[in-house]
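Colleague: I've got a structure open and I'm not sure how to read it. Could you walk me through the packing inside and the charged pairs?

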Amino acid sequence: MKKLLSVGLLFCVAGFAAEKGFEPLFNGKNLEGWDGDPKLWSVRDGMIVGSTEGVKLKSNSFLITKQPYKNFILRAEVKLRNHNSGIQFRSEALPDWVVRGYQADMAENNYWGSIYDERGRGMLAEGWKGKAETVVKAKDWNEYEILCDGDHIQLKLNGMVTADIHDSAKLEGIIALQIHAGPPMEAYFRNVRIKILK
């Protein structure tokens, strides 16, 4: 029994060490620290929900952090009911909850694990074929990790490196969550946390 407790404690310590230095970006209760269209974004059962049910979007819309970030590791659990979504990083907030910049992309049967430049240069690194497509859990929770350190940008999906580039177009900016124009859709985000790098 004592041995089992020791093993359990070891796993707990290892888990804590893996998350050491991370701070929550989402408190699990409300959207404090974020800005977005209240018709589109809500908190449900400890997760951020972006939904376009009953709303017609003219363009993609975003839930945006009120603070910019430079060098960091961002981790989040994400789930897509349908259509297209993503996590913006080192991006620029424009009027009416529109965003321009880097995106960790995700869509139905495509784009997961890719780096896309929203309202910019388009696809910067394709991470779907032979990579994300082999590890993504459709309509279930997936762990996204975004590393930004100087000009180095790396994406991991469920532990697999899917995109790794060097690009210095933007070295600091906001983080944002996307819901996409088109058919009614929903995207879900939870356990959003960040570790600031020097």
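Modeller: Sure, and keep in mind that this is a predicted model. Let's start with the inside: the largest nonpolar core has 41 residues, and those with the most contacts inside it are Ile87, Phe89 and Phe189.

Colleague: Which strand gives the most to this core?

Modeller: That's strand S6, residues 72-80, which puts in five residues.

Colleague: Is there a second core, or what else should I look for?

Modeller: There is a second, separate core of five residues, and Phe62, Ile64, Ile174 and Ala176 are among them.

Colleague: Back to isoleucine 87, then. Which residues does isoleucine 87 touch?

Modeller: Leaving out residues up to four places away in sequence, isoleucine 87 touches a whole list, including Leu74, Ala76 and Val78, then Tyr102, Tyr144 and Ile146, and also Phe189.

Colleague: Okay, on to charges. How many salt bridges are there?

Modeller: The count comes to 11. A good one to click on joins the side chains of glutamate 145 and arginine 75, at 2.8 Å from N to O. Glutamate 145 lies in strand S11 (residues 142-149) and arginine 75 in strand S6, so this pair ties together parts that are 70 residues apart in sequence.

Colleague: Are those two buried or exposed?

Modeller: Both glutamate 145 and arginine 75 are buried. For glutamate 145 the relative accessible area is 14%, and buried means under 20%, so that's why glutamate 145 gets the label.

Colleague: What other residue forms a salt bridge with glutamate 145?

Modeller: Lysine 156 does, with the closest N and O atoms 3.9 Å apart. Here lysine 156 sits in strand S12 (residues 152-157) and glutamate 145 in strand S11, 11 residues apart. Lysine 156 is partly exposed, at a relative accessible area of 27%.

Colleague: And which residue does arginine 190 pair with?

Modeller: Arginine 190 forms a salt bridge with glutamate 77, where the closest N and O atoms are 3.0 Å apart. This pair links distant parts of the chain, with arginine 190 in strand S15 (residues 186-196) and glutamate 77 in strand S6, 113 residues apart.

Colleague: How do I label the two partners, going by accessibility?

Modeller: Glutamate 77 is at 18% relative accessibility, so it counts as buried. Arginine 190 has a relative accessible area of 30% and is partly exposed.

Colleague: Last one: which residues are linked in a network of salt bridges?

Modeller: Trace Glu19, Arg75, Glu143, Glu145, Lys156 and Arg193, and you'll have the network.

Note on methods. Residues are numbered from 1 along each chain as its sequence is written. This is a predicted model: local features need pLDDT of at least 70, side-chain atom pairs count only at pLDDT 80 or more; totals for chains, interfaces and linings use all residues. Side-chain values use heavy atoms; hydrogens and water are left out. A nonpolar core is a set of buried Ala, Val, Leu, Ile, Met, Phe, Trp, Tyr and Cys residues joined through side-chain atoms within 4.5 Å. Buried means under 20% relative accessible area, exposed over 50%, partly exposed in between (1.4 Å probe, protein chains only). Helices (H or I, at least four residues) and strands (E, at least two) are DSSP runs, numbered from the N terminus. Contact means heavy atoms within 4.5 Å. A salt bridge is a side-chain nitrogen of Lys or Arg within 4 Å of a carboxyl oxygen of Asp or Glu.
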